[in-house]
Amino acid sequence: MGETPMSALTLLCSGIQLYSAEQRIADCILADVKWAASATSAELARQSQASEAR
């Protein structure tokens, strides 16, 4: 055990090819998980400089 949720998520996602915007969103989430958990999709898009989901 002993792994943090972030390291487990990173491990699970290793090897997955993401588009540039998807990678920015993932990086944004991992940079501040607490904030991202309560952020709206619009806030997440703005923070990661990605297009807002429609």
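Visitor: Where is the place of Ser-48?
Guide: Happy to start there, with a reminder that this is a predicted model, in which local features need pLDDT of at least 70, side-chain atom pairs count only at pLDDT 80 or more, and totals for chains, interfaces and linings use all residues. Residues are numbered from 1 along each chain as its sequence is written, and side-chain values use heavy atoms, with hydrogens and water left out. Helices are DSSP runs of H or I with at least four residues, numbered from the N terminus. Ser-48 lies in helix H4 (residues 41-48).

Visitor: Is Ser-48 buried or exposed?
Guide: Buried means under 20% relative accessible area, exposed over 50%, and partly exposed in between, using a 1.4 Å probe and protein chains only. Ser-48 has a relative accessible area of 5%, so this residue counts as buried.

Visitor: Which backbone oxygen does the side chain of Ser-48 reach?
Guide: A polar contact here is a pair of N or O atoms within 3.5 Å, one able to donate a hydrogen and the other to accept it; residues adjacent in sequence count only if both atoms are side-chain atoms. At 2.8 Å, the partner of the Ser-48 side chain is the backbone oxygen of Leu-44.

Visitor: Which residues does Ser-48 touch, not counting those up to four places away in sequence?
Guide: Contact means heavy atoms within 4.5 Å. With that sequence exclusion, Ser-48 touches Arg-24, Ile-25 and Cys-28.

Visitor: Which element has the lowest mean pLDDT?
Guide: pLDDT is the predictor's confidence in each residue, from 0 to 100. Helix H3 (residues 33-38) has the highest mean, 93. The lowest, 66, belongs to helix H1 (residues 5-13).

How values were computed:
Helices (H or I, at least four residues) and strands (E, at least two) are DSSP runs, numbered from the N terminus.
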